[in-house]
Amino acid sequence: MRAFGPHLKALEDRNHTFVILHLILQGMVYTEYTWEIFGLCQELEFSLNYLFLPYLLLIVNLVFFALSCETNPGTITKANELLFLQVYEFDEGMFPKNMRCSTCDLRKPARSKHCSVCNRCVHRFDHHCVWVNNCIGAWNIRYFLFYLLTLTASAATMAVVSTVFLVQLVMVSDLYLETYVDDFGHLQVVDTVFVIQYLFLTFPRIVFLLGFVVVLSFLLGSYLCFCLYLAATNQTTNEWYRGARAWCQHCPHVAWTPSAEPQVYRNIHSRGLWSNLREIFLPAVAHYERKKK
Ligand SMILES: [Zn+2]
Ligand SMILES: [Zn+2]
């Protein structure tokens, strides 16, 4: 996005760094789970269905990850330009009629945007996601939402399994009934701080993994809620961001060119919850092309 300025220019090289980092992190979490937690949980007689759930979520997640990476987000070309121009109405504010993309030399359909990373115009552009190294647009937003949902679910499941394991372990070992001798030679009853220290020293990798997946669950969960809100109200991240900027025109940190007219963002595309969700899962042009046949 041009508005972010040159400091994000480095991210604009379309490379696979974040895709590889994503797979490495996911690989590390699942290796630790398989190597340590899975076996220990089996010893504590956890249900196998419950222990296999993270693997099931991983498989589904990788399928949607691949679909998000590989699916054409809705690239606008000379061949489909006219078709896309008919999909959404122009609002004469954020998306005026008869705008051209000088790079692609195409007329800009409403709700489209030129992605500077991929160097193409995308229909119903949402954002460019570095983690899947692709634009998210009309044709792959549904895969992206399922990808995000399963990623959040696998992090949350991992967090629950690790927490239940550590709690069970403390219960089974009767750790709370024990006493220990402190630095001053006094006999002390085991308290929560002691238990946490004990777990950290005995299972450092599991405690570290738990911290990581808990933080991840909250971050992904919040982002998922935001994406679902946008889907339910038929907005793209691009429109939401530009709408928020228009609202924030008095904020001193937002630079406004003196000649710029204050934009008031009005969501003209929302047609009610079910209709909005149908638009995500049955994108307009694919639908339109099917009708024509
Ligand atoms: Zn373009
Ligand atoms: Zn892109």
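# A tour that starts at a bend in H2

Begin by selecting helix H2 and centring the view on Pro54, where the helix has a kink of about 30°. Keep in mind throughout that the model on the screen is a predicted one.

**H2 as a whole.** Now extend the selection to residues 48–70, which make up H2. The helix has 23 residues and spans 34 Å from its first C-alpha to its last, which is close to the 33 Å expected at 1.5 Å a residue. Show the side chains of Pro54, Leu57, Leu58, Asn61, Phe64, Phe65 and Ser68, which are the buried residues in this helix. Which elements do the buried residues of H2 pack against? Turning the view around the helix, you will find that they pack against H1, strand S6 (residues 134–136) and H4.

**The annotated spans.** Colour residues 52–69, 144–172 and 208–232 next, since an unreviewed UniProt entry annotates these as "transmembrane region". In the model, residues 52–69 are 100% helix and 0% strand, with the end C-alpha atoms 26 Å apart. Residues 144–172 are likewise 100% helix and 0% strand, and here the end C-alpha atoms lie 42 Å apart.

**Helix H4.** Select residues 141–172 to see H4, a helix of 32 residues that reaches 46 Å from first C-alpha to last, close to the 46 Å expected at 1.5 Å a residue. Just beyond, H4 is followed by Asp174, whose phi is positive at near 55°. Within the helix, pick Leu151. Is Leu151 buried or exposed? Leu151 counts as buried because it has 25 C-beta neighbours inside 10 Å, and the cut-off for that class is 20 or more. Leaving out residues up to four places away in sequence, Leu151 touches Asn61 and Leu220. The first of these partners brings you back to H2, where Asn61 is itself among the buried residues; the C-alpha atoms of Leu151 and Asn61 are separated by 6.1 Å, although the two residues are 90 apart along the chain.

**Where H1 passes H4.** Add H1, residues 17–43, to the display. The axes of H1 and H4 come within 11 Å and cross at roughly 35°, and the crossing is left-handed. To see which side chains line up there, show Val29, Tyr33, Ile37, Leu40 and Cys41 on H1, which meet Met158, Val161, Ser162 and Phe165 on H4.

**Two residues with a positive phi.** Most residues other than glycine have a negative phi. From H1, follow the chain into the loop that leads to H2 and stop at Glu45, which has a positive phi of about 60° although it is not a glycine. With 8 C-beta neighbours inside 10 Å, Glu45 counts as exposed, the limit for that class being 12 or fewer. Then move to Arg111, in the loop between strand S2 (residues 106–107) and strand S3 (residues 113–115). Arg111 also is not a glycine and has a positive phi, of about 75°. How many C-beta neighbours does Arg111 have inside 10 Å? There are 26, so Arg111 counts as buried.

**Two loop residues with distant partners.** Go back to the end of H2 and select Thr75, in the loop between H2 and helix H3 (residues 81–85). Thr75 is partly exposed, with 17 other C-beta atoms within 10 Å. Not counting residues up to four places away in sequence, Thr75 touches Arg120 and Val122. A distance drawn from the C-alpha of Thr75 to that of His123 should read 6.3 Å, although these two residues are 48 apart along the chain.

The last stop is Ser270, in the loop between helix H7 (residues 237–247) and helix H8 (residues 273–281). Ser270 has 13 C-beta neighbours inside 10 Å and therefore counts as partly exposed. Setting aside neighbours within four places in sequence, Ser270 is in contact with Thr233, Asn234 and Asn276. From C-alpha to C-alpha, Ser270 and Ala232 are 8.4 Å apart in space, with their positions 38 residues apart in sequence.

**Zooming out.** Finally, clear the selections and look at the protein in full, which has nine helices and eight strands. Of its 293 residues, 25% count as buried. Among contacts with a separation of 6 or more, 66% are between residues 24 or more positions apart.

Notes
Residues numbered from 1 in each chain as written. Chains lettered and ligands numbered in written order. Predicted model: local features only at pLDDT ≥ 70, side-chain atom pairs only at ≥ 80, totals over all residues. Helix = DSSP H or I, 4+ residues; strand = E, 2+ residues; numbered from the N terminus. Contact = placed C-beta atoms within 7 Å. UniProt positions renumbered as here; feature names shortened; annotations may be inferred. Expected span 1.5 Å × (residues − 1). Bend = angle between axes of the 7 residues up to and from the residue. Axes fitted to C-alpha atoms, helices over the stretch in contact; angles between N-to-C directions. Left-handed = near helix turned anticlockwise from the far one by under 90°.
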